Amino acid sequence: MNKRVDTVFNENVRGYLRYNKTNKNILSTLESDYSEYFPFLNNGITIIADQVKLPQEMQAGYYPIETVNPVIVNGLQTTSVIYDVYQKDPSKLDGVYVLARLYETNDKEIVDKITDATNTQSPINFRDKISNRNFNIYAKTIFESNEIGYLIKRGDTFENHLSQMLKESVHSDTVLKFWYATFNEHPEVAKNSKSTILEEIYEATADKNHKLHHLFSGEKDSPIYQQLMEAYKIYKFVIDKRNSAKYNNDLILYADELISYGIYKLNDDYEKSYQKIYDTLIKLTEKEKKLFTEKGITYSHNSYFKSGKSKYDLNNELGIIEVHS
């Protein structure tokens with residue numbers, strides 16, 4: 001159709017069509033003298049369709065594959081960059097191939113699982129990259145002074161005497177994820193893509209013009225350390241509640257980030273806030289299920305809490321006003 005159609009991008013991840021380091025690397029490869037090696041340097045595209053019809057034989061030198069409702073669940077950056085290159089100069093794509101996986105299913109749960117699995121390749125890379133940044137080193141010291149192990153890289157361990165003293169431990173990327181959901185007020189992003197969060201923080205440590213640089217610059221008096229500790233306390237509280245028998249609605253298996261956000265924004269007693277948010281989310285999800293049923297669409301908690309609509313609905317119900325854009 002020679003134009004991008006946003007409906008082919010999975011609703012869970014299509015909001016990340018923006019230029020970042022990954023996009024720039026893809027573009028660099030396509031515009032280089034070794035663009036024919038593109039399929040060896042790129043993870044390709046994963047597409048899910050309700051129906052797939054494979055041709056029995058070649059037609060005009062091609063095997064045209066007919067699909068019904070094709071949706072790209074991984075490879076949005078690749079798709080977007082290739083399209084931009086095509087618009088400027090189609091000849092640059094001569095001899096360039098793209099690896100593609102095509103699945104046939106209309107099972108929403110399977111779609112969610114494939115989406116999650118194919119969009120989690122890089123979080124650990126950025127976790128390692130920020131492991132030696134000053135802010136993380138200071139955060140590790142502060143957490144350990146509170147008898148909490150703060151694991152900042154793969155294989156991170158503690159001296160024997162220290163490990164015996166520490167009461168608990170947590171991975172740094174988990175703390176940063178829930179900081180992003182609470183203090184940075186983006187629970188839907190935190191639930192969608194940890195790699196997006198870690199990449200943004202990595203860039204903020206070095207780019208003085210980045211909006212988060214004042215927090216992650218590595219200065220000892222940065223407010224980020226207190227914020228990380230508070231985000232961890234909220235996270236720990238929410239996880240403990242999820243594991244308790246009192247709250248048995250299955251929505252809590254998917255709403256850690258949004259519940260944490262709500263507790264932070266209500267700025268009240270954790271117990272009171274949690275109960276208020278829990279009751280509100282039951283009401284919201286029941287309303288959402290009814291709406292989906294009326295339209296003949298399968299409802300999924302996972303999809304709802306990955307969408308910006310869940311935060312919007314909670315804000316409206318509880319009168320929450322966002323501060324961060």
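**Strands and helices in a predicted model**

Visitor: Which strand does β1 join through 5 bridges?
Guide: The model is a predicted one. Strand β1 covers residues 45-49, and its 5 bridges lead to a strand that runs parallel to β1. One pair in this arrangement is I45 with A100. The strand joined to β1 is β5.

Visitor: Which strands stand at the edges of the open sheet, and why is one side of each left without a neighbour?
Guide: The open sheet has 3 strands in the order β4-β1-β5, with mixed pairing. Each edge strand has a single partner strand, so one side of each has no neighbour in the sheet. The edge strands are β4 (71-74) and β5 (100-104).

Visitor: Which helix lies across β1 and β4?
Guide: The helix in question covers residues 76-88 and runs at about 115° to β4. This helix is α3.

Visitor: Are the faces of strand β6 buried or exposed?
Guide: Strand β6 covers residues 148-151, with I148 and Y150 on one side and G149 and L151 on the other. Buried stands for under 20% relative accessible area. These four residues meet that term, and both faces are covered: they are buried.

Visitor: Is α8 parallel or oblique to α13?
Guide: Helix α8 (residues 172-182) and helix α13 (residues 256-266) have axes 8 Å apart and pack at an angle of about 55°. Because of that angle, the description of α8 relative to α13 is oblique.

Visitor: Which residues of α8 meet α13?
Guide: The crossing of α8 past α13 is right-handed. On the α13 side, the contact includes D256, E257, S260, Y261 and Y264. From α8 come K177, F178, A181 and T182.

Notes: Residues are numbered from 1 along each chain as its sequence is written. This is a predicted model: local features need pLDDT of at least 70, side-chain atom pairs count only at pLDDT 80 or more; totals for chains, interfaces and linings use all residues. Side-chain values use heavy atoms; hydrogens and water are left out. Buried means under 20% relative accessible area, exposed over 50%, partly exposed in between (1.4 Å probe, protein chains only). Helices (H or I, at least four residues) and strands (E, at least two) are DSSP runs, numbered from the N terminus. Axes are lines fitted to C-alpha atoms, for helices over the stretch in contact, and angles run from 0 to 180 degrees between N-to-C directions. Angles under 35 degrees count as roughly parallel, over 145 as roughly antiparallel, 65 to 115 as roughly perpendicular and the rest as oblique. A crossing is left-handed if the near helix is turned anticlockwise from the far one by less than a right angle, and right-handed if clockwise. Contact means heavy atoms within 4.5 Å. Two strands pair if DSSP finds at least two bridges between them.
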